[in-house]
Amino acid sequence: MENYDILIVGASTTGCWFAEKMAKQGFKVLVIEKETPDNVSRSYDIFHMGEGEMKQFDLVIPKENNPIREFRFESSAMISPYGSHSVKGAPSPVIGLHKHDYIMFMADLAKEQGAEIIYGASFSDFIYDESNKIIGAKYITEDGEKEAFAKLVADCSGIPSVARTKLPSSSVVENFKLTPKDILYVVLYYVTYNDKSVNARDLDGFYMQYKSWSAPAGKGYDAILGIGASLCYEYAQEVFNTQFMKNAKHPEYTVQKVEKGRTPYHRSVYSFVDDGFIVMGDAACLTKPTCGEGCTSSLVQGEIAVDVISELLKEEKPLTKENMWSINKRYMNAQGKDFDSMRPLLMGVVTIDFDEAEYLFANDVLFSKKILGGMDEGLNLTLKDIAEIIGGIIKGIAKGKIRVSTVKNLLKGLKQSGDVGKLYGNYPATFEGFEKWKKQADRLWNEIGSLADTCDPEILKKLNIK
């Protein structure tokens, strides 16, 4: 049994990144990972990360001849449901990487800085002191249960959130388990086009109404055709086959392989910290509201955590929730307010039917360059912007192109988006104001519901999904 400064549960992107940053400063770090090295992050082969974000978070960008790196391309346009219109934001280079290989590379970087990683080690429970404060964790290996003491336990275990969900109900960090309503089920089809004259890169883009996309796939394939949906993979595949492929008029293709994976689609936990504990990455539901990507978006919180925790350790101050509370406040100001306020608006947007969306795309209303290009950074719409959106929608109603029910959903989404932004902008600066704030947030999110509430009732009925 050893003593560590930091014990990290999970050796994927966030866990390895956090381990490297803390070990680099001389802290003693242990990472436990339930999988063997060969099985870490195998759900997807190719994953994409923005080149700018990789530079921002000091993630190594492999050189072109490195086998970990597959390609580089410019970010794709947002495309209307029938493929008639597209809107592209500012150029943004994206790097395509082999996920398992890149994460193992990140693990090697962490180990080079002195972090210890134990594979085949499953978190089983916390270790508490006599005052019920977390002082370490128990984990199970093939040799039986072991213990490690630490000043901080960090849950970076992804969707299972194996440590966070073990917290007592008295913790200020929520211990809920994600349900199918809180998860985006992603299906990736690696394809080659039957017509060899097709330029796959001309087809790259994201179709918000289906939550589907076409993107580069690497050698041996023309593209990845992807789809994400709430509830289950079967629902996602049904939307892909009966809506996306029918309406978007995609060229005929041959599927070479299929991959499936999951990502959280849930507002972030209200507090990331408690005494001797922090939750990070997917375990904290830190994903982009537009697509569910979390590899780099979670590192906004990660950078803040490294800054605050390393300073406390250097000053030999205890890692209590009070001392670490600024991680919560700073994250809400930096990203949380923008990300979570986007969710209710997006719920209104996806209720727009395909014909209405085509009209809005064609007339630069709602699906405009400013809005679509800013969805992952916070819209910051001016009163003039909002007035133009409302004016465009009113014209659509007068022309019979937009339903009144759609307008109600959009206005509801806009209002709730503003309510979330205001509430999160007033996130308590200290722990003392948290309980009152939490009650307000609970009421608001109960009113908002989840993206799963917008699923197509006909498809649900067809698949017998309750």
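Good morning. I begin with helix α10, in which T406, V407, L410, G413, Q416, S417, V420, G421, L423 and Y424 are buried. The model under discussion is a predicted one. Helix α10 covers residues 404-425, which makes 22 residues. From its first C-alpha to its last, α10 reaches 31 Å, close to the 32 Å expected at 1.5 Å a residue.

I turn next to the aromatic residues. A search of the whole structure finds 25 aromatic pairs. One of them joins Y185 and Y233 in an edge-to-face arrangement, with 5.1 Å from centre to centre and 85 degrees between the planes. Y185 belongs to strand β12 (residues 183-193) and Y233 to helix α4 (residues 233-247), so this pair ties together parts that are 48 residues apart in sequence. Y185 and Y233 are both buried.

Another pair consists of Y210 and F354. Their ring centres are 5.0 Å apart and their planes stand at 50 degrees, so the pair counts as tilted. Here, too, distant parts of the chain are linked: Y210 is in the loop between β13 (205-207) and β14 (212-215), while F354 is in helix α7 (residues 354-362), 144 residues apart. Y210 and F354 are each buried. Y210 and F354 also belong to one aromatic cluster, together with Y82, Y189, Y207, F240 and F244.

Some rings have a charged partner. The charged end of K28 sits over the ring of Y4, at 5.0 Å from the ring centre. Likewise, the charged end of R164 sits over the ring of F176, at 4.4 Å from the centre of that ring.

Let me return to strand β12, where L184 is also found. Is L184 buried or exposed? Its relative accessibility is 5%, so L184 counts as buried. In sequence, L184 and Q243 are 59 residues apart, and in space they are 18 Å apart, C-alpha to C-alpha.

Now to the backbone. Most residues other than glycine have a negative phi. Which phi does L231 have, although it is not a glycine? The value for L231 is positive, at about 85 degrees. L231 is in the loop between β15 (223-229) and α4. With a relative accessibility of 17%, under the 20% cut-off, L231 counts as buried.

N464 is likewise not a glycine, and it has a positive phi of about 55 degrees. N464 lies in the segment after α12 (457-462). Its relative accessibility is 56%, over the cut-off of 50%, and therefore N464 counts as exposed.

Finally, I come to the internal spaces. How many cavities of 30 Å³ or more does a search of the whole structure find? The search finds 4. In the largest cavity there is about 80 Å³ of space. Which residues line the largest cavity? They are F206, M208, K211, Y265, P289, T290, L346, V350 and L451. By character, this lining divides into 7 nonpolar residues, 1 polar and 1 charged. The charged one is K211, because Lys counts as charged. The polar one is T290, because Thr is outside both the nonpolar and the charged groups.

To close, I would recall two items from this predicted model. The pair of Y210 and F354 links parts of the chain 144 residues apart, and the largest cavity holds about 80 Å³ of space. Thank you for your attention.

Key
Residues numbered from 1 in each chain as written. Predicted model: local features only at pLDDT ≥ 70, side-chain atom pairs only at ≥ 80, totals over all residues. Heavy atoms only, no water. 1 Å grid on protein atoms, 1.4 Å probe; cavity = no way out; pocket = protein on both sides within 12 Å on 5 of 7 lines; lining within 4 Å. Points joined across faces, edges and corners; volume = space filled by probe spheres on them. Helix = DSSP H or I, 4+ residues; strand = E, 2+ residues; numbered from the N terminus. Expected span 1.5 Å × (residues − 1). Buried < 20%, exposed > 50% of the residue type's maximum accessible area, 1.4 Å probe, protein only. Phe/Tyr/Trp six-rings, centres within 6.5 Å; stacked < 30°, edge-to-face > 60°. Lys NZ or Arg CZ within 6 Å of the ring centre and 35° of its normal.
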